[in-house]
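The following exercises concern side-chain contacts and surface pockets. Each task is followed by a solution worked in steps.

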Amino acid sequence: MKQDDDAGAWGGMKSIGIAMLGYGFAANFHAENYKRVHGIDVRLTGVWGRRPDAASEFASVHGFEKTYGALEEVLDDPHVDLVDACLPTSLHEEIAMAALNAGKHVVIEKPLSGSFVRGDDEAGWRRCLSASLESADRMIEAERSSGKRIMYAENWVYAPGVQKAKRLLASSQSPILRIVGEESHSGTHSPYQMQWKTAGGGSLLVKGCHPLGGALYLKMDEGMRQSGRPVRPVRVTGNVANLTKSEAFETEEEHTIRTGWVDCEDWGTMVVTFDDGTVAQITAADTALGGIQNVMTVYAGKATVQIGMSPNTSVVAYSPDDKAFSHEYVREKVETTAGWQFTNPDEDWINGFPHEMQDFCESVAYDRPPKSGSSLGRDVLAVTYAAYLSAATGREVKVPLD
């Protein structure tokens, strides 16, 4: 972290340098929203990726100062304070450990880590659960020993709807009884997410981590407000399926839903029980048409709060021509732009990305914990891999807390 007198032309403004690892989907919206950070001199220092041509193009598009020829160059760069890793989940631990040991803070995209050998029986799924948490614990120990921070990139924590729900629930002074959350769409665009060896799981992990992270955050906050200790998940039941490999799906001749899953599920659900006896119902799928569904309802004793990140009705547009809006972004993962469209005017804002990047930069600049850190990422892994074990055994599973 740079000192105040080291902020260059910005005088007393805090200054941080950011290196991006990767140049794909997540890297694009991270880079765009670092530009929206205010009150801090954010320098887009450099980009590294395995394809130099793609890294160079990404750097040019987003205004990064340079590209790196190797990861070691990133870690050795004294102008880099924060390393943002938008890479396959199987690389998260390796990158986090390297960055932390090099004295850099690190942003890790969701999920925090995982187990990259799929279970095939009860013993195998227990091994997956243990392996995922051992990986998370190694990362957390490196975080503690380095004095730097892991920023867990769970944007649902920062989504304005979730933050408004938190304030409404605090005002009502009423306990959360049930949370129902879902993230679904018509299929991942990332080939690595269709293989367990790189993703560590399918829909339940890769998409379910979002509403689950939001639910865990709200219950943690409730506990801290009411008793000074977070409410934690203690038991879970889960179920998963490969709906695109079902007989019903395969009878159709043409498919709009993406196929090509190697060994990951394309649908999953879990019911989480907390230590105060309340529950969260989480669903995730890559088999839902109509654009991305990011929705949550919180049922409390004195209030109900509905959060509609996507779709929402802030701007709704209609055209019978699917080419009418071809020069303007409409909405994430929508299959056609014909008919009525929920054309969110600022999708990044409603999903919490500028707020997330602001918090991460402030965490580095002012040496404070982020709202979404490594402990939340670990809890998401504990619940999700326990849910995989439950799905394999047909029994409720105890969540192994730290």
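A salt bridge is counted where a side-chain nitrogen of Lys or Arg lies within 4 Å of a carboxyl oxygen of Asp or Glu. The model examined here is predicted, and by this rule it has 20 salt bridges.

**Exercise 1. Determine how Arg-126 and Glu-122 are placed relative to each other, and which network they belong to.**

Step 1. Arg-126 and Glu-122 form a salt bridge in which the closest N and O atoms are 3.1 Å apart.

Step 2. Both residues belong to helix 5 (residues 122–146); because they are four residues apart there, about one helical turn separates them.

Step 3. Arg-126 is partly exposed, with a relative accessibility of 43%, and Glu-122 is likewise partly exposed, at 32%.

Step 4. A network of salt bridges links Glu-122 and Arg-126 with Arg-395.

**Exercise 2. State which parts of the chain the salt bridge between Arg-229 and Asp-275 ties together.**

Step 1. The side chains of Arg-229 and Asp-275 meet at 2.8 Å, N to O, in a salt bridge.

Step 2. Arg-229 is found in the loop between helix 10 (209–227) and strand 7 (233–241), while Asp-275 is found in the loop between strand 8 (267–274) and strand 9 (279–285), so the pair ties together parts that are 46 residues apart in sequence.

Step 3. Arg-229 counts as partly exposed at 43% relative accessibility, as does Asp-275 at 33%.

**Exercise 3. Classify each partner of the salt bridge between Lys-323 and Asp-322 as exposed, partly exposed or buried.**

Step 1. The N to O distance between the side chains of Lys-323 and Asp-322 is 3.7 Å; the cut-off for a salt bridge is 4 Å.

Step 2. A residue is exposed over 50% relative accessible area. Lys-323, at 60%, is therefore exposed, whereas Asp-322, at 39%, is partly exposed.

**Exercise 4. Explain why Cys-86 is not bonded to Cys-361, and examine Cys-264 in turn.**

Step 1. A disulfide requires two cysteine sulfur atoms within 2.5 Å.

Step 2. The closest cysteine sulfur to that of Cys-86 belongs to Cys-361 and is 13 Å away, which is too far for a bond.

Step 3. Cys-264 is also in no disulfide, the nearest cysteine sulfur being that of Cys-128, 11 Å away.

Step 4. The count of disulfides is zero. Cys-86 is buried, with a relative accessible area of 13%, and Cys-264 is buried at 1%.

**Exercise 5. Describe the lining of the largest pocket and that of the second largest pocket.**

Step 1. The volume of the largest pocket is about 870 Å³. Its lining consists of 38 residues, and those nearest the centre are Phe-25, Ala-26, Phe-29, His-189 and Ser-190.

Step 2. Two or more lining residues come from each of helix 1 (25–34), helix 6 (155–158) and helix 12 (347–351). Helix 1 gives the largest share, six residues.

Step 3. By class, the lining of the largest pocket has 15 nonpolar, 13 polar and ten charged residues.

Step 4. The second largest pocket holds about 260 Å³ of space. It is lined by 13 residues, with Ile-140, Arg-144, Ser-374, Ser-375 and Asp-402 closest to its centre.

Step 5. Helix 5 and helix 14 (374–393) each give at least two residues to this second lining, and helix 5 provides the largest share, five residues.

Step 6. The lining of the second largest pocket divides into three nonpolar, two polar and eight charged residues.

Definitions and conventions: Residues numbered from 1 in each chain as written. Predicted model: local features only at pLDDT ≥ 70, side-chain atom pairs only at ≥ 80, totals over all residues. Heavy atoms only, no water. Buried < 20%, exposed > 50% of the residue type's maximum accessible area, 1.4 Å probe, protein only. 1 Å grid on protein atoms, 1.4 Å probe; cavity = no way out; pocket = protein on both sides within 12 Å on 5 of 7 lines; lining within 4 Å. Points joined across faces, edges and corners; volume = space filled by probe spheres on them. Nonpolar A, V, L, I, M, F, W, Y, C, P; charged D, E, K, R; others polar.
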